[in-house]
Amino acid sequence: LWRAHTLFSLLSSQILSYSTFMDYLIRCRNYFWDDHPVIRLYFLAYALNGFNLATFFIYVPLVLPMLGYESIHGVALLIGIPALTSLVGHNVFGALCLRRDRFRSLLLIGSSTFIPLFFILAFIQDVKVLFVYLAIHGFLLGALYPSSQTLVTLLRSSQKAEILSKLFAYDCVGWGLACLMMGLITGILGTELNVYVRVFIFYIMINSLVFVVLFRTFPKTIRDLDWSKIQSSNLGAYRRILTSPPILCLFVYIFTVETGSTLFFFFFSRYFTEVLSGAQHILGYAMFGATVMGILTFPLVGKIVDRRGYFPVLVFSAVTYLFLFMTLGFIKDPLIAIILYTLPIFPLITVSVNAGIAILTTDSDRGIGFGVLESVFHFATLLSPLVGSTLLTMIELSFLPWFTVVLVLAGVLFLPVMKRVGTTAPDRIQVTGLQEQKTQKEN
């Protein structure tokens with residue numbers, strides 16, 4: 001009996017441990033996953049987009065000198081040209097996504113723009129052709145963001161911040177995989193042009209494969225939407241958004257902070273190798289660490305924003321950013337700088353700002369709201385490398401963190417203004433497009 005009791009206790013403890021482990025796995029799945037098939041396809045598209053952007057932002061600037069373009073303005077052109085045309089693209093596609101059910105077409109357009117880009121880098125290798133295509137690339141890439149963010153917040157209307165954070169988490173998954181892969185490749189095979197050419201060919205194959213999957217599996221019609229309630233006139237939506245003080249304050253805040261952070265990000269690879277004397281292949285590992293932290297924290301930040309609101313998270317992210325860049329200005333050890341660089345601060349500001357737009361706009365205005373927000377993001381992306389490349393021709397690269405501190409400090413000082421204006425939408429912006437149309441007919 002004693003042996004039977006011991007055996008039963010052992011088996012019970014093992015079953016309990018197994019059930020606890022399975023419960024943990026289910027919680028992890030729900031933390032990162034979603035059961036809606038359309039949202040899962042957007043997860044795949046965002047992972048692919050992060051996979052492409054990581055190489056484009058970090059390693060393509062290092063390839064430009066190999067193609068014969070050694071000026072520091074190459075980074076400004078590489079980032080600035082697509083950022084400029086995306087200002088138009090995000091607004092155009094953000095307005096189109098809710099006029100009719102165009103989500104499938106916009107997803108396919110936004111997910112295919114990197115294929116010609118990597119083809120030019122791998123086979124044509126002409127910087128002039130690259131810069132010309134970047135103008136087209138920036139416009140077409142704008143088809144992905146406003147439409148996807150609009151649709152997922154419509155499908156998960158009670159969990160706007162959480163579902164947006166999951167999208168950004170899968171974007172980080174792509175970044176992490178690309179950074180890890182590029183770190184291993186450049187560390188083992190070297191950083192010669194022929195190595196990058198093979199990488200670009202591999203990227204063409206991956207992008208083509210994912211495009212085929214999205215083309216065959218994404219539905220032509222989204223059945224879960226009531227189109228009679230979410231359509232409105234574009235002019236009316238722009239008027240409501242651009243006359244809302246909370247939304248305007250949010251745009252001003254994100255413009256100043258994003259300009260500062262992207263200024264540091266775009267020149268960090270050169271700052272790390274030239275000022276801190278860090279090894280080039282460590283950049284890939286550093287970005288991998290940063291993206292892993294982002295993957296783990298993005299969904300958590302989304303849950304916090306849904307419960308506490310977007311403004312407290314916005315304040316915390318701005319102050320943390322300020323102290324981070326001030327610390328980087330004093331540190332000269334590349335290892336410590338890399339550790340600080342991997343801190344998950346970016347998820348805080350990204351989720352809170354996008355959730356703010358989702359909260360402050362109605363269903364009918366959300367596509368245009370996200371389009372304008374992405375335009376503000378990309379205008380900051382356009383301005384920061386231009387300002388950075390101009391300043392760095394006059395001042396040493398070692399002052400890069402302090403340029404960022406000045407801009408982020410402006411955003412921090414603007415927070416009291418945002419609090420005074422308010423963090424909720426006024427009553428007039430809560431009028432839906434359908435109600436607006438009824439009012440016009442009655443008048």
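Start at the largest pocket: its lining splits into nine nonpolar, four polar and three charged residues. You're looking at a predicted model, so keep that in mind as you click around.

**Stop 1: the largest pocket**

The space here comes to about 220 Å³. Select Pro-61, Leu-62, Pro-65, Val-75 and Arg-270, which are the closest to the pocket's centre among the 16 residues that line it. Now colour by helix. Two or more lining residues come from each of α3 (60–63), α4 (73–96) and α14, and α14 gives the most, with three residues.

**Stop 2: the second largest cavity**

Keep α14 in view, because we need that helix again here: α14 (268–275) is one of the elements giving two or more residues to the lining of the second largest cavity, along with α2 (37–58), α13 and α15 (282–308). For the lining itself, select Phe-57, Ile-58, Phe-265, Phe-266, Phe-268, Ser-269, Leu-283, Met-287 and Tyr-341. The volume of this second largest cavity is about 80 Å³. By class, its lining has eight nonpolar residues, one polar and no charged ones.

**Stop 3: the largest cavity**

How many cavities of 30 Å³ or more does the structure hold? There are four, and the largest of them has about 1,100 Å³ of space. It is lined by 45 residues; pick out Phe-57, Trp-175, Glu-258, Phe-265 and Phe-346, the closest to its centre. Phe-57 and Phe-265 should still be highlighted, since both also line the second largest cavity.

Next, select helix α13, residues 245–266. This helix gives the largest share of the lining of the largest cavity, six residues. Over the whole lining, the count is 28 nonpolar, 14 polar and three charged.

**Stop 4: a buried serine on α18**

Move to helix α18, residues 346–360, and find Ser-352. Is Ser-352 buried or exposed? Its relative accessible area is 0%, so Ser-352 is buried. Show the side chain and look for its polar partner: the backbone oxygen of Ile-349 lies 3.1 Å from a polar side-chain atom of Ser-352. Beyond neighbours within four places in sequence, Ser-352 is in contact with Val-305, Tyr-310, Val-313 and Leu-314.

**Stop 5: the nonpolar core**

In soluble globular proteins, nonpolar side chains tend to be buried together. For the case in front of you, bring up the largest nonpolar core, which has 142 residues. Those with the most contacts inside it are Tyr-42, Phe-56, Phe-103, Leu-151, Phe-218, Tyr-253 and Met-418.

Zoom in on Phe-218. Leaving out residues up to four places away in sequence, Phe-218 touches Val-38, Leu-41, Tyr-42, Phe-103, Arg-104, Leu-107 and Leu-151.

**Stop 6: out to a loop**

Now go to the loop between α4 and α5 (103–110), where you'll find Arg-100. Arg-100 has a relative accessible area of 57%, so this residue counts as exposed. Draw a C-alpha to C-alpha distance from Arg-100 to Thr-221: the two are 9.8 Å apart in space, though 121 residues apart in sequence.

**Last stop: zoom out**

Show the whole cartoon. The protein has 21 helices and zero strands. Colour by burial, and buried residues make up 55% of the 443 in the protein. Finally, try a contact map: of the contacts with a separation of 6 or more, 86% are between residues 24 or more positions apart.

Definitions and conventions. Residues are numbered from 1 along each chain as its sequence is written. This is a predicted model: local features need pLDDT of at least 70, side-chain atom pairs count only at pLDDT 80 or more; totals for chains, interfaces and linings use all residues. Side-chain values use heavy atoms; hydrogens and water are left out. On a 1 Å grid over the protein atoms alone, a cavity is a set of points where a 1.4 Å probe fits but cannot get out, and a pocket is an open set with protein on both sides within 12 Å along at least five of seven lines; lining residues have an atom within 4 Å of a point. Grid points are joined across faces, edges and corners, and a volume is the space filled by probe spheres set on the points. Helices (H or I, at least four residues) and strands (E, at least two) are DSSP runs, numbered from the N terminus. Ala, Val, Leu, Ile, Met, Phe, Trp, Tyr, Cys and Pro count as nonpolar, Asp, Glu, Lys and Arg as charged, and the others, Gly among them, as polar. Buried means under 20% relative accessible area, exposed over 50%, partly exposed in between (1.4 Å probe, protein chains only). A nonpolar core is a set of buried Ala, Val, Leu, Ile, Met, Phe, Trp, Tyr and Cys residues joined through side-chain atoms within 4.5 Å. Contact means heavy atoms within 4.5 Å. A polar contact is a pair of N or O atoms within 3.5 Å; within protein, one must be able to donate a hydrogen and the other to accept it, and residues adjacent in sequence count only if both atoms are side-chain atoms.
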